[in-house]
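Got your viewer open? Load the model, keep the selection tool handy, and follow along stop by stop.

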Amino acid sequence: MNSDVKKYIENNSINPLFLVGDSFEVLRSIPDNTIDCCITSPPYWNKRQYANGGIGLEKDYRKYISSLIAIFMEVYRILKPTGSFWLNIGDSYKNKNLLNIPWRVAIELTDNGWILRNTIIWNKVKGGLDNSTDKLRNTYEPLFHFVKQSKGYYYDIDCIRNSPKSTKVVNGAVVSATGVSGVRYKRKIELSTELTEEQKANAYAELEKILKQVQSGEVSDFRMVIRGAQRTTHSDSEKVSGRAKELHEKGFYFLKYNSKGSKPGDIWDIIPEDTQGRKVHFAPYPEDLCKTPIILTCPPSGIVLDPFVGTGTSCFVAKQFRRKSIGIDIANEYIDIARKRCGCLGNEQSSLPVTED
Ligand SMILES: C[S@@+](CC[C@H](N)C(=O)[O-])C[C@H]1O[C@@H](n2cnc3c(N)ncnc32)[C@H](O)[C@@H]1O
């Protein structure tokens with residue numbers, strides 16, 4: 001095992017550990033089940049020449065993909081069973097044909113045991129310059145979220161929820177954030193020709209109960225679905241939808257919104273980093289792209305890894321959120337930038353406990 005890594009795992013520092021070398025070789029020196037969260041953005045195929053060569057310069061994109069897969073299977077080995085792997089990877093054209101490289105890589109990874117939980121679309125909002133007159137501008141890249149096991153991976157969903165909208169009072173009546181006061185639902189129950197008298201009485205009682213929960217803040221918002229008044233949300237088939245069954249048996253059901261707020265979706269609007277004026281490296285990814293993955297899937301005492309760390313964005317964000325991190329890059333030049341950016345003079349400093357924020 002790499003002795004720097006061993007020392008680093010044992011100490012309490014949140015200063016990143018940076019290692020120079022070929023990722024595949026360096027990863028092989030890291031023991032199994034060490035890392036909590038890996039987030040990375042490898043070089044594009046056939047687009048850029050980095051300071052010290054490395055991946056991306058292969059003649060055939062298939063060779064590029066197989067080299068990446070070998071590295072990401074090493075990541076699989078060193079990731080804890082509760083860990084997550086976030087992969088941002090761009091596409092390339094060959095003879096005008098968009099190669100679908102991200103999806104080729106993702107499919108091969110899932111064929112090799114990784115479980116794909118989300119494909120996030122990173123919408124770059126503006127995208128880069130594109131003078132071609134026979135295709136649209138390319139303005140997004142995928143960010144894949146993989147895990148090793150289908151249940152029990154670390155996922156702190158509450159830390160990324162959008163804060164819930166609060167209830168308000170309109171003309172003396174409490175209404176939910178989106179204006180639901182219950183008046184329309186009461187009218188629908190009253191006019192329903194599909195509910196029995198007993199079902200109507202039940203529906204009124206349950207509606208009163210949920211309105212009280214809105215008033216107390218226990219539920220931030222809700223919708224009531226009443227038989228004959230709307231279609232069921234998912235499917236009318238009772239075989240497929242438990243809600244359809246509820247609708248059939250009780251005559252109504254509620255959709256309650258989580259009082260802690262809603263989950264973000266899988267399209268993220270983030271302006272690329274190159275609009276922010278760093279000149280030395282070609283493709284740093286934005287800090288905002290790593291913030292959510294790190295706080296969501298790396299426990300506070302965990303270790304983040306970036307095997308293509310470049311200028312150190314992943315480690316910089318990990319440190320901001322007080323997580324330990326290991327960054328690997330083949331180019332000394334970039335590691336120097338990363339070290340400075342993260343406030344580390346050298347790896348020896350990483351073994352000192354850090355007290356400042
Ligand atoms: C897209 S850049 C990463 C940028 C990084 N996310 C940042 O914010 O600065 C890819 C990096 O991979 C490095 N690289 C290429 N081949 C490598 C290899 N075999 N092992 C380690 N690093 C490699 C390059 O030097 C480059 O810095």
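Select helix α8 (residues 287-297) and helix α9 (residues 313-320): their axes come within 9 Å and cross at roughly 50 degrees. Helices here are DSSP runs of H or I with at least four residues, strands are runs of E with at least two, and both are numbered from the N terminus. The axes are lines fitted to C-alpha atoms, for helices over the stretch in contact, and angles run from 0 to 180 degrees between N-to-C directions. That crossing makes α8 oblique to α9; angles under 35 degrees count as roughly parallel, over 145 as roughly antiparallel, 65 to 115 as roughly perpendicular, and the rest as oblique.

Before moving on, a word on what you're looking at. This is a predicted model, where local features need pLDDT of at least 70, side-chain atom pairs count only at pLDDT 80 or more, and totals for chains, interfaces and linings use all residues. Residues are numbered from 1 along each chain as its sequence is written.

Now show the residues where the two helices meet. On the α8 side pick E287, C290, K291 and I294, and on the α9 side T313, S314, F316, V317 and A318. Contact means C-beta atoms, placed from the backbone, within 7 Å of each other. Colour the contact by class and you get five nonpolar, two polar and two charged residues. (Nonpolar covers Ala, Val, Leu, Ile, Met, Phe, Trp, Tyr, Cys and Pro; charged covers Asp, Glu, Lys and Arg; the others, Gly among them, are polar.)

Stay on α9. Is it enclosed or open? Seven of its eight residues are buried, so α9 is largely enclosed by the rest of the structure. A residue is buried if 20 or more other C-beta atoms lie within 10 Å of its own, exposed if 12 or fewer, and partly exposed in between. The buried ones to click are T313, S314, C315, F316, V317, A318 and K319. Bring up β2 (35-40), α8, β13 (303-306), β14 and α10 (332-341) as well, since the buried residues of α9 pack against them.

Next, step into the loop between α9 and β14 (324-329), where R322 lies. R322 has a positive phi of about 60 degrees although it is not a glycine. Most residues other than glycine have a negative phi. R322 is exposed, with 11 other C-beta atoms within 10 Å.

For another positive phi, jump to N100, in the loop between β5 (97-98) and α4. Phi of N100 is near 65 degrees. N100 counts as partly exposed, with 13 C-beta neighbours inside 10 Å.

From there, select helix α4 (residues 101-111) together with helix α3 (residues 61-78). They pack at an angle of about 45 degrees, their axes 10 Å apart, and are therefore oblique to each other. Y61, I65, L68, I69 and F72 of α3 make the contact with I101, R104, V105, E108 and L109 of α4. By class, that contact has eight nonpolar, no polar and two charged residues.

Now find the ligand. Which residues come nearest? Of the 22 around the ligand, they are G54, P284, F308, G310 and T313, where a residue is near if its C-beta atom, placed from the backbone, lies within 6 Å. The shell has 12 nonpolar, eight polar and two charged residues.

Finally, zoom out. The protein chain holds 10 helices and 14 strands, and 32% of its 357 residues count as buried.
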